[in-house]
Amino acid sequence: MRIERGGADELDESALLRRIVGGDRSAFQALYRAYFSRLARFLDRMTRDVPLIEEVINDTMLVVWQKADTFDGSCKLSTWIFGIAYRQGLKALRGADAPLEPQDDQCGDAAAEPEHAMAAHQLRQGVSRALDALPVEQRVVVSLTYYHGMAYQEIADTMGCPVNTVKTRMFHARQKLKGMLSDHMEEMQ
């Protein structure tokens, strides 16, 4: 069973959650598979540590398994799960004793001209470094908005803060990114 965001697929997720409340392990496995890659992308932007990401996903899904009966439907299921992942990620970051190192993206278009491929790679690295330089709350807002397509209200629900706080974090993140990326663009010229 493939689960996508929104519409009828949200209903499938709700059905899975009801089955999880009843102790259905196959429903839990389906939900776990449906969310693993989405949570991994989200947590990668937050932690940049693959073993920690896997641990946080497992901790998140354990909470989903144990607390499935507490989901009250006041937000989307995905918002509830991302909120759990966010809190688990913050908890893991507080407990981490090693500095976080950014990972280079290894993607590229082999058919592209070398100059374009190199410029695209440098731009990706610059954006990644700029995002990594943001405070974690701002980085999470940017990630949830641009990489996960969440609206500000969903982000506020996920992070447990008012919508205006999300807007403020996005404003400051954009200002910082603008400054950092303009410096990067000048270096490339």
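A search of the whole structure, a predicted model, finds five aromatic pairs. Start with two of them.

**Stop 1: F28 and W65**

Select F28 and W65 and show their rings. The ring centres are 5.2 Å apart and the planes stand at 65°, so this pair is edge-to-face. The cut-off for that label is an angle over 60 degrees. Now colour by helix. F28 belongs to helix 2 (residues 25-47) and W65 to helix 3 (residues 50-67), so the contact ties together parts that are 37 residues apart in sequence.

Turn on the surface. Is F28 buried or exposed? F28 counts as buried, at 17% relative accessibility. W65 is partly exposed, with a relative accessible area of 25%. The line between the two classes falls at 20%.

Add Y32 and F36 to the selection. Together with F28 and W65, they form one aromatic cluster.

**Stop 2: F42 and F82**

Stay on helix 2 and move along to F42. Its partner to select is F82. The ring centres of F42 and F82 are 5.3 Å apart, with the planes at 65°, so this pair is edge-to-face. F42 sits in helix 2 and F82 in helix 4 (residues 77-95), so the pair ties together parts 40 residues apart in sequence. Both F42 and F82 are buried.

**Stop 3: A40**

Select A40, which is also found in helix 2. A40 is buried, with a relative accessible area of 19%. Draw a C-alpha to C-alpha distance from A40 to V50. The two are ten residues apart in sequence and 8.5 Å apart in space.

**Stop 4: the salt bridges**

How many salt bridges does the model hold? The count comes to three. Visit each in turn.

Select D24 and R19. They form a salt bridge, with 2.9 Å between the closest N and O atoms. D24 counts as partly exposed, at 22% relative accessibility. R19 counts as partly exposed too, at 35%.

Next, select D132 and R45. Their side chains meet in a salt bridge at 3.7 Å, N to O. This pair links distant parts of the chain: D132 is in helix 5 (residues 114-133) and R45 in helix 2, 87 residues apart. R45 counts as buried, at 13% relative accessibility.

Now go to K76 and E154. The closest N and O atoms of this salt bridge are 3.1 Å apart. Here again the pair links distant parts of the chain. K76 lies in the loop between helix 3 and helix 4, while E154 lies in helix 7 (residues 152-159), 78 residues away in sequence. Which end is buried, and which is partly exposed? K76 counts as partly exposed, at 34% relative accessibility. E154 counts as buried, at 16%.

**Stop 5: helix 4 against helix 7**

From E154, show all of helix 7, then add helix 4. Their axes come within 7 Å and cross at roughly 45°. Helix 4 and helix 7 are therefore oblique to each other. Helix 4 passes helix 7 in a right-handed crossing.

**Stop 6: helix 6**

Select helix 6 (residues 136-147). At 1.5 Å a residue, its twelve residues should span 16 Å. What is the distance between its end C-alpha atoms? They are 15 Å apart, which agrees with the expected span.

Switch the surface back on. Helix 6 is mostly covered, with nine of its twelve residues buried. Label the buried ones: V136, Q138, R139, V140, V141, V142, S143, L144 and T145.

Step just past the end of helix 6 and pick G149. This glycine takes a positive phi of about 65°.

**Stop 7: helix 2 against helix 6**

Finish by showing helix 2 and helix 6 together. Two packed helices are described by the angle between their axes and the distance between the axes. Helix 2 and helix 6 pack at an angle of about 150°, with their axes 9 Å apart. That angle makes helix 2 roughly antiparallel to helix 6. The crossing of helix 2 and helix 6 is right-handed.

Keep helix 2 on screen and retrace the earlier stops. F28 reaches W65 in helix 3 from here. F42 pairs with F82 in helix 4. R45 is bridged to D132 in helix 5.

Conventions:
Residues numbered from 1 in each chain as written. Predicted model: local features only at pLDDT ≥ 70, side-chain atom pairs only at ≥ 80, totals over all residues. Heavy atoms only, no water. Phe/Tyr/Trp six-rings, centres within 6.5 Å; stacked < 30°, edge-to-face > 60°. Helix = DSSP H or I, 4+ residues; strand = E, 2+ residues; numbered from the N terminus. Buried < 20%, exposed > 50% of the residue type's maximum accessible area, 1.4 Å probe, protein only. Expected span 1.5 Å × (residues − 1). Salt bridge = Lys/Arg side-chain N within 4 Å of Asp/Glu carboxyl O. Axes fitted to C-alpha atoms, helices over the stretch in contact; angles between N-to-C directions. Parallel < 35°, antiparallel > 145°, perpendicular 65-115°, else oblique. Left-handed = near helix turned anticlockwise from the far one by under 90°.
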